[in-house]
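This report concerns the chain shown below. Please keep the sequence and the structure in view while reading.

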Amino acid sequence: MQTAGEYCETFAVLEEEETLEEVICFAGSEMVLLETGASVSIQDVRVGDNVLSADRYGRTSFSPVISVPHGHNNVKAIFHEISTTSGYQVRMSPGHIVPAGPCNFDSKGIDNTIELPLVTALQAEVGFCVYNLEGSVERIVSNRRVRGEGIYSLVTQEEMVVVGGIVASPFAFSHSVP
């Protein structure tokens, strides 16, 4: 069995004559919501903190963090920055998993029984829908490559985590690792 940390291993990639790390996690600048109501950087979250999380259908609740696979780091990396119509935004590695898919349903009055497919951040197309922190779906308006610093992930008792207001898997390439 592989751990979440093993899924956050890095490998070098050359871009613009500068070596950055191609990572499999969230950027250190990303924000999560604590049960206390405070928003904190993902790099400051500790095991035992209750953070906003979600189930497979985007229904949100607070859940304790059971693993933080990375220690503090300043790894420079390339991330995909996904932004939504409401202004939610998350930076994650290209291979990071996010529930996202075609918006071929009426997002008004959604009853949280629609299961969006799991895709990588690279595959999350503009126009696809994602779950947000309110448990609703909304459209992706941009998905672009950006530079960032720090690589972090959180594993909670709930299946998904909410980072930058967007529901995402704590894993990359295969969400069924645990």
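The following paragraphs treat strand pairing, the disulfide, the nonpolar cores and three individual residues.

**Strand pairing**

The model is a predicted one. Strand 8, residues 76-84, is largely enclosed by the rest of the structure, because eight of its nine residues are buried. Strand 8 is joined to strand 13 (residues 137-149) by nine bridges, and the two run antiparallel. Within that pairing, Ile78 has Arg147 of strand 13 as its bridge partner. Strand 8 also pairs with strand 9 in the antiparallel sense, here over four bridges. In this second pairing, Ser83 is matched with Gln89 of strand 9 as its bridge partner. Strands 8 and 9 form a hairpin with four residues between the strands, and Gly87 there takes a positive phi near 95°.

Strand 6, which spans residues 50-54, is mostly covered, with four of its five residues buried. Strand 6 runs antiparallel to strand 7, and five bridges join the two. Ser53 has Ser61 of strand 7 as its bridge partner. The hairpin of strand 6 and strand 7 has five residues between the strands, and Gly58 in the turn shows a positive phi of about 85°. Strand 6 is also joined to strand 16 (residues 160-163) by two bridges, again in an antiparallel arrangement. There the bridge partner of Ala54 is Met160 of strand 16.

The antiparallel pairings described above are set out in the table.

| Strand pair | Bridges | Citation of one bridge partner pair |
|---|---|---|
| Strand 8 and strand 13 | nine bridges | Ile78 and Arg147 |
| Strand 8 and strand 9 | four bridges | Ser83 and Gln89 |
| Strand 6 and strand 7 | five bridges | Ser53 and Ser61 |
| Strand 6 and strand 16 | two bridges | Ala54 and Met160 |

**The disulfide**

The model contains one disulfide. The disulfide is formed by Cys103 and Cys129, whose sulfur atoms are 1.9 Å apart. The link of Cys103 and Cys129 is right-handed, with 125° about the S-S bond. This pair links distant parts of the chain, 26 residues apart: Cys103 lies in the loop between strand 10 and strand 11 (118-120), and Cys129 lies in strand 12 (residues 129-131). Cys103 and Cys129 are both buried.

**The nonpolar cores**

In soluble globular proteins, nonpolar side chains tend to be buried together. The largest nonpolar core in this model has 25 residues, of which Phe26, Ile82, Met92, Val98 and Ala100 touch the most other members. Strand 9, strand 10, strand 16 and strand 17 (166-168) are the elements that give two or more residues to this core. Beyond its neighbours within four places in sequence, Met92 is in contact with Cys25, Phe26, Phe79, His80, Ile82, Val98, Ala121 and Ala168. A second, separate core of 10 residues includes Ala54, Cys103, Val137 and Met160.

**Three buried residues**

Which residues does the side chain of Ser63 reach through polar contacts to backbone nitrogen? Ser63 lies in strand 7, residues 60-67. Ser63 has a relative accessible area of 5%, under the 20% cut-off, and therefore counts as buried. A polar atom of its side chain lies 3.2 Å from the backbone nitrogen of Gln157. A polar atom of the Ser63 side chain also lies 3.0 Å from the backbone nitrogen of Glu158. Leaving aside neighbours within four places in sequence, Ser63 is in contact with residues including Asp49, Asn50, Val51 and Thr156.

His96 is found in the loop between strand 9 and strand 10. With a relative accessible area of 0%, His96 is buried. The His96 side chain reaches the backbone oxygen of Ser169 at 2.6 Å. A polar atom of the same side chain of His96 lies 3.5 Å from the backbone oxygen of Phe171. Leaving aside neighbours within four places in sequence, the contacts of His96 include Ile24, Cys25, Phe26, Val119, Thr120 and Ser153.

Pro94 lies in the loop between strand 9 (89-92) and strand 10 (97-101). Pro94 counts as buried because its relative accessibility of 9% is under 20%. The C-alpha atoms of Pro94 and Thr120 are separated by 6.4 Å, although the two residues are 26 residues apart along the chain.

How values were computed
Residues numbered from 1 in each chain as written. Predicted model: local features only at pLDDT ≥ 70, side-chain atom pairs only at ≥ 80, totals over all residues. Heavy atoms only, no water. Buried < 20%, exposed > 50% of the residue type's maximum accessible area, 1.4 Å probe, protein only. Polar contact = N/O pair within 3.5 Å; in protein donor to acceptor, adjacent residues only side chain to side chain. Contact = heavy atoms within 4.5 Å. Pairing = 2+ DSSP bridges. Disulfide = S-S within 2.5 Å. Core = buried A, V, L, I, M, F, W, Y, C linked by side-chain atoms within 4.5 Å.
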